[in-house]
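Reader: Hey, got a minute to walk me through this one? I'd like to go through the fold and then the chain contact.

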Amino acid sequence: MEHEARNAERAGDAGILDESPEELYENAPCGYFSALPSGLIVKVNKTFLSWTGYRRDDLIRRKRFQDLLTAGGRIFHETHLAPLLRMQGSVREIALDVVCADGRHLPVLLNSVVKSGEFGGPLLTRTTVFDATDRKAYERELMHARGLEREARKRTEHLQRLTSALSAALLPTEIASMLVAELVASAKADFALVALLREREDELELLGSHGLDASHAAGTCLSVADTAAARPLETREATFLESWAAGTLPGLPRESDGDGAAVLLPLVVADRSIGIVALGWTKQRSFEQDDREFLRGCAAQASQALERARLHTQTAAAARRSALMAKTTHALIEVKTTAQRAERLARAVIPEVADGAWVQLLASGDKVVIDVAAGDERAMVGGEGIARRALTTGEPQLALRVRSRLLRDPAADAGQHGGHVDADADRRPSCFHRCRAAVPLRFRRPQCARAGERQTLRAGAGHRPHAPAEHARQRTNGRSPLRCRHALQPSGRDTRGWRRLARRLRSRSRPCRDRRRRRSGARHPGRNSDGAVAERDTRPCDRDRRTRRAARPPRHVQQADRPRGTSRNARLR
Amino acid sequence: MIGGMGALERNNVEVLGRADGQPMVFAHGFGCDKNMWRLVVPAFEQDYRVVLFDHVGAGGSDLSAYDPSRYDSLQAYADDVLEICDALGLERAIFVGHSVSATIGVLAANADPERFEKLVLIGPSPRYVDDGDYVGGFTREDINGLLESLDSNYLGWSSAIAPVIMGNEDRPELGEELTNSFCRTDPEIARNFARVTFTADNRDDLARVRVPALVLQCSEDAIAPRSVGEYVHRQIQGSELILLKATGHCPNLSAPEETIAAMKQFL
């Protein structure tokens, strides 16, 4: 210390240690300048000049301090810094960027003090400037990190909100609208749609959408092949398209380059794609890892919710079916004759299972011995085809997409024999078809046949007014003393249920087997629905696809006109 | 919508001057609060009923009333002005708006022309960003730069407004109020207000003004250049333009006397 002090003293004597005010000002460890209240620079130190690269003559009485700032900084100067200085006489630690002579931006922190004149008005502003390059860089990192953290928190909140909202949703359409609303709000998507694969897996049915025109209302069907959804559905991987033809999301067209962006998220349950979520933006955008995770998370939540909704519906349907079975069994055993039972059977399924039902029992020689109907007759129009198939094959038959023009009013039909086509029918979306089922009944009558001989009761669906002759003609090859034709027009596709109902009709001698079948039926309950008969009737797509698939008869059965007396027919008899 | 006393509390409304005088509503611009009028208001207190207020999000306003989706356009701020006028039952009011509040005044006067007798627009600019032939003075990048400046400064905002009152020893209350006012500025709100202000385009609204208007233009204004002031003057039918010697964007602070004189001449 002493040594150092002595050195300093010697240096001072020699004139090397210059601590004159001028030296202190010019070479201070900070930039220093003075400006008039207008900002015009009148004095500046060397440090400031060397940091910024300006010559003294460039600045003195030529530049205002605000002229050295970036445009954004200039606004800040005018709206914050200048008023603050004027009102409180000083500012501290204001962060700004000074534009240097070579155009480089120098981040600085500045303190200013106003020197007042004799009458209190501002005379001069003195400002010290500190280089804040490193601090600013660090600050930017912090800001960036804070921004990311805020984003992550927001995403977590969005996901939590979606999860809790979905947990209460039990209808697929409800789930779709929640998902769409959430994604539009959080991902700021301009278009969104949620669609589920239909049974044949070559069509998508829209459940909900946002930002699309009316042609993409819920219920619309799109062919998978016409959309970009095919690949994500097949690979079960989300597709992120940062460049996409903007505004073309409607209809989910094939991929193409453009000035927008899109995301296709498959909805996957148990390694199987059940549908797709598509989002579109009108501007190109990038998808960070976090964005991708978030969107995948939303899709996963929605998939689970849809599966949950399916299971719920299935359970509810099983319960409803059990109740119906119990009721029907009770109704059937109350009466003794076949005719009474046939009538009870027809009535029993209205309205829980179908809008209309029709049971016919055929005796040999095409003779209709019993013919009863219940419910809405219009629902039975045009079911001859499947009735015939049911009778021919001995298997239950389903027609899930009966063309809507077949649903015309029988009254109108009567007036315009066959030439009439419902003008609106073709304009209706393809999903809006009714469905119907026909179940063959096999019938054993021990008291009027040889012991052990099985007799056949068969059923088909059809429009009562034209039913008997044609169908019955096909049925007459058997040896059975009694042939029955049972025509039902149900809306449900749960053929197990139908078979069971049919068994009730001939249930005098086989209660044990019935119980066994019922148990096995309960293990794989079909889902026929959600309660509303009307909706069920017109919207086959809402129903569970797997059940439908299970219920679909084997391909060979669908061939309508099998030759009579095939081995299958023989076996059934 | 908040009516009655709600609007008065929400906007921290202060009424000064002659109770039976013609009402004069002062609206502050972006970055400040009603204290900006401190040096101007005393000149009008004798003859007018002076109404001061803070825009929601600024100064002593009710920050809980700030809803980013509502205050997503200047029209919402204009609606607030009309609500204040309603709450106080003001008629034939003179509206004095600084900076962005000049535009807010134009919107309010267009929405309810009967309410206002005159408009005083200090440093107005209907659009800050250049657009074709129109020169607003800024580009989109410039506005992004401003938002960044706001971000940097709010990080250490509390120290920037440390109440070091120098040169104001005789008026300590001045510094104190200002300090509090800036303390209460929520950084997020300031950012939103900046975005709404500097990305707005209200050029078409000028031609619809039917209230006599005065445009006060500073000679060197980095925010609203002279060409913009002249544009406003041209667009508002029958308006008067006074070019002040004062420089900067806040003549009400830097040259209160000149500002007052120009206003009085117009009134």
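Author: Sure. One term before we start: two residues are in contact if their C-beta atoms, placed from the backbone, lie within 7 Å. Also, keep in mind that this is a predicted model.

Reader: OK, with that cut-off, how many residues does the contact take from chain A and from chain B?

Author: Chain A puts in 31 residues and chain B 38 residues.

Reader: And which element gives the largest share of the side of chain A that touches chain B?

Author: That's α5(A), with 14 residues. Elements giving two or more residues there include β3 (90-99), β4 (105-116) and α6 (133-167) of chain A.

Reader: How does that side divide into nonpolar, polar and charged?

Author: On chain A's side you get 14 nonpolar residues, eleven polar and six charged.

Reader: Switching topic: what's the strand order in the chain B sheet?

Author: The order is β1-β3-β2-β4-β5-β6-β7 (chain B), an open sheet of seven strands with mixed pairing. At the edges sit β1 (14-17) and β7 (240-247) of chain B, each pairing on one side only.

Reader: Do tell, how many bridges join β6 to β7(B), and do they run parallel or antiparallel?

Author: Six bridges, and the two strands run parallel. Across that pair, B:L243 in β7(B) stands opposite B:Q217.

Reader: Which strands does helix α12 touch?

Author: Helix α12 (residues 256-266) of chain B packs on the sheet against β5, β6 and β7 of chain B. The direction of α12 makes about 170 degrees with that of β7(B).

Methods. Residues are numbered from 1 along each chain as its sequence is written. Chains are lettered from A and ligands numbered from 1 in the order in which they are written. This is a predicted model: local features need pLDDT of at least 70, side-chain atom pairs count only at pLDDT 80 or more; totals for chains, interfaces and linings use all residues. Two strands pair if DSSP finds at least two bridges between them. Helices (H or I, at least four residues) and strands (E, at least two) are DSSP runs, numbered from the N terminus. Axes are lines fitted to C-alpha atoms, for helices over the stretch in contact, and angles run from 0 to 180 degrees between N-to-C directions. Ala, Val, Leu, Ile, Met, Phe, Trp, Tyr, Cys and Pro count as nonpolar, Asp, Glu, Lys and Arg as charged, and the others, Gly among them, as polar.
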